[in-house]
Amino acid sequence: SVDRARRMGKLLRITFPSGKTSLLPEEAQALKSQLESPALVKLRDDPTAVFVLLGYADPKGDPHKNLVVSQTRADTVLAAMRDKCGVVNLMHAVGMGASTLLDSQDLEKNRAVEVWAVLP
């Protein structure tokens, strides 16, 4: 499906403190505000748009635990998008662990979830 996608791109990046996997209420509200921008509302209104949430962790600590943390972060953002932001599109949460670093110099940048949109 990705090979045949009309369009694919990163929409949002949500950061997390070290070891944390939950969103504070103000962070969930900020996510909702971002998802209400006209460009993202247009994507959300397209029933064929699929959102892929990639969770990441920094390489500190146990690799298995980092994979669990990254998956939990992605699941947390997915739940917030669905339950607090009203996103009804198909969504997939994928934990990337620390296997694919976003920034090898500034490890804090790797504690994040990226939200990507795919239009088949």
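In this predicted model, the buried residues of helix α1 pack against three other elements, namely strand β1 (7-15), helix α2 (38-44) and helix α3 (63-83). Helix α1 itself spans residues 25-35, and its buried residues are Ala28, Leu31 and Leu35. When the helix is viewed down its axis, these buried residues fall within an arc of 55°, so they line one face of α1.

The chain in which this packing occurs contains 3 helices and 4 strands, and, read from the N terminus on, these elements follow one another in the order β-α-α-β-α-β-β. The radius of gyration of the chain is 14 Å, close to the 14 Å that the globule rule gives for 120 residues, so the chain is as compact as a globular protein of that length. Taken along the principal axes, the box filled by the C-alpha atoms has dimensions of roughly 40 × 35 × 20 Å. Of the 120 residues, 38% are buried, and the area that the chain exposes comes to about 6900 Å², of which carbon and sulfur atoms supply 55%. Among the contacts between residues at least 6 apart in sequence, 79% join residues that are at least 24 apart. With regard to charge, the chain carries 16 positive and 14 negative side chains, and the centres of these two sets lie 2 Å apart.

Two residues of the loop between β1 and α1 were examined in turn. Threonine 21 is found in this loop, and its relative accessibility of 23% places it among the partly exposed residues, because a residue is called buried under 20% and exposed over 50%. When residues up to four places away in sequence are not counted, threonine 21 touches Phe16, Val69, Thr72, Arg73 and Thr76. For one of these partners, threonine 72, the C-alpha atom is separated from that of threonine 21 by 6.1 Å, although the two residues are 51 residues apart along the chain. Serine 22 lies in the loop between β1 and α1 as well, and it is also partly exposed, with a relative accessibility of 48%. With residues up to four places away in sequence again left out, the contacts of serine 22 are with Phe16, Glu27 and Thr76. Serine 22 and serine 99, which are 77 residues apart in sequence, have C-alpha atoms 21 Å apart in space.

Two further positions lie in loops later in the chain. Glycine 86 is located in the loop between α3 and β3, where it counts as partly exposed at 44% relative accessibility. Its contacts, not counting residues up to four places away in sequence, are with Arg44 and Met81. Between glycine 86 and valine 118 there is a separation of 32 residues in sequence and of 18 Å in space, taken from C-alpha to C-alpha. Threonine 100, in turn, is placed in the loop between β3 (90-95) and β4 (112-119), and with a relative accessible area of 38% this threonine is partly exposed. Threonine 100 and leucine 78 are 22 residues apart in sequence, and the distance between their C-alpha atoms is 20 Å.

Key
Residues numbered from 1 in each chain as written. Predicted model: local features only at pLDDT ≥ 70, side-chain atom pairs only at ≥ 80, totals over all residues. Heavy atoms only, no water. Rg over C-alpha atoms; globule rule 2.2 N^0.38 Å. Buried < 20%, exposed > 50% of the residue type's maximum accessible area, 1.4 Å probe, protein only. Contact = heavy atoms within 4.5 Å. Areas by Shrake-Rupley, 256 points an atom, 1.4 Å probe, with all protein chains shown as cover. Lys, Arg positive; Asp, Glu negative; His and termini not counted. Charge placed at Lys NZ, Arg CZ, Asp CG, Glu CD. Arc of directions from axis to C-beta.
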